[in-house]
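Thank you all for coming this morning. Please have a look at the structure while I talk, and I will go through one helix, then a ligand site, and finally a single residue.

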Amino acid sequence: MKLSKVLYLTVMLVLVLGAVSCGAPAAVECPDPCPPCPECPQCPDCVCAEAAAPAPAPTEAPEEEEEVAELPYYAADCAPNCTYEDLKVGYAQIGAESEWRNANTSSIKETAEQLGVDLLFSDAQQKQENQIKAIRTFIAEGVDVIGHPPVVETGWETVYQEAYDAGIPIILVDRRADVPEELYVSYIGSDFVEEGRKAGREMAKLLPEGGNVVELVGTVGSAPANDRAKGFREAIEEYPDIVILDSQSGDFTRALGKEVMEAFLKKHGDAIDALYAHNDDMGIGAIQAIAEYGLDPGEDIKIVSIDAVRGAFQAMVDGDLNVTVECNPLLGPQFYEMALKTANGEELPRWVPSEESIYYPDNAAEIIETRKY
Ligand code: AHR
């Protein structure tokens, strides 16, 4: 064997032994010469190089800035996790002037009980000053939300501002108030102007030849009285032969409806062809007055009214009322749903409209069985 070949084989053997010892634990001696790093981590060069190398910077996750959403003024202390059981709600009701109002009160009270809401309820006996007092009491009690059907449209700004300053949201229920938009969080209820238009269109169908109409207006200055008068006039504008002969308030009550209708009959007698009543209760009171006067209500004097309460269905079954335009009082479920959202700091739609129909005598007997109010 040639000397160069012997030398070559020796070097190879050393390299192979080195490679074997590289995979061995640290106690194994390093081969000489050491192969270059990183083939043999035990070699002093490697150890030195590793020791000298700067430790890699720990890879820390970038600190996430926690975003704390600012809650609006109306959020309750329990926001954003309030449940119905956490809610303390004040409801400043108008009174008990009509079947409609009583149905609205029942809906508000019964739904609170079902959901476990702590409800403070006040009946203002149709007086604005009593409603203002009730709202102030609710503020002092620290309720989370106030529900308010304002008896009239104007005169609420001061007390609503007090609620706003106390961080208590107001939800308008059933009726609107004439105040700056930021003083209430939502309105749940009907389109009273549209109800008036529907009544006007129905009246036009009942008086194809035209005729004289008397109008029983709701509470003076209230949103439904203002709007139902407006919508009706808009609708009959295209029928110049339909004339509004007289118009007086019956304050949405049966007793006053009867009294005012008696006065209309005394003044205009047989010249009256039809009655437009802003609610069923006044219409039902007027039916009595017409019958007592000796005329046939629903026949001699056509009648259109608004609400579609059970009493109106009975009047249609009896043939005394021609049409009732629905105004839904069962607002409890929608009200508490909105109250909870508000308490949790959620923004509400400016208006949550009610769905409503028109009813006629043909199927009144069937519907009255299932009517909830
Ligand atoms: O605001 C709704 C009106 O108020 C109803 O039509 C009437 O019956 C009630 O008293």
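Let me begin with helix 11, residues 332-343, where a simple check is possible: at 1.5 Å a residue, its twelve residues should span 16 Å, and the C-alpha atoms at its ends are indeed 16 Å apart, so the two values agree. Please keep in mind that this is a predicted model.

Is this helix enclosed or open? Nine of the twelve residues of helix 11 are buried, so the rest of the structure largely encloses it. Among these buried residues are Phe335, Tyr336, Met338 and Leu340, and what covers the buried residues includes helix 3 as well as strand 1 (88-93), strand 3 (145-148) and strand 11 (351-353). Just after helix 11 comes Gly345, which takes a positive phi of about 85 degrees.

Now to the ligand, which is surrounded by 13 residues, the closest being Ser98, Trp100, Pro224, Phe252 and Asn279. The elements that give two or more residues to this shell are helix 3 (99-115) and strand 9 (302-307). Sorted by class, the shell has five nonpolar, two polar and six charged residues, and at least three residues come from each of domain 1 (84-190 + 330-353) and domain 2 (192-327).

Last, consider Ala204, which lies in helix 6, residues 192-206. Because Ala204 has 16 C-beta neighbours inside 10 Å, it counts as partly exposed. Leaving aside neighbours within four places in sequence, Ala204 is in contact with Ile236, Tyr239 and Ile242, while its C-alpha atom is separated by 9.4 Å from that of Glu238, 34 residues apart along the chain.

Terms used. Residues are numbered from 1 along each chain as its sequence is written. This is a predicted model: local features need pLDDT of at least 70, side-chain atom pairs count only at pLDDT 80 or more; totals for chains, interfaces and linings use all residues. A residue is near a molecule or strand if its C-beta atom, placed from the backbone, lies within 6 Å of it. Helices (H or I, at least four residues) and strands (E, at least two) are DSSP runs, numbered from the N terminus. Ala, Val, Leu, Ile, Met, Phe, Trp, Tyr, Cys and Pro count as nonpolar, Asp, Glu, Lys and Arg as charged, and the others, Gly among them, as polar. Domain bounds come from an automatic or database domain assignment. The expected span of a helix is 1.5 Å times one less than its number of residues. A residue is buried if 20 or more other C-beta atoms lie within 10 Å of its own, exposed if 12 or fewer, and partly exposed in between; C-beta atoms are placed from the backbone. Two residues are in contact if their C-beta atoms, placed from the backbone, lie within 7 Å.
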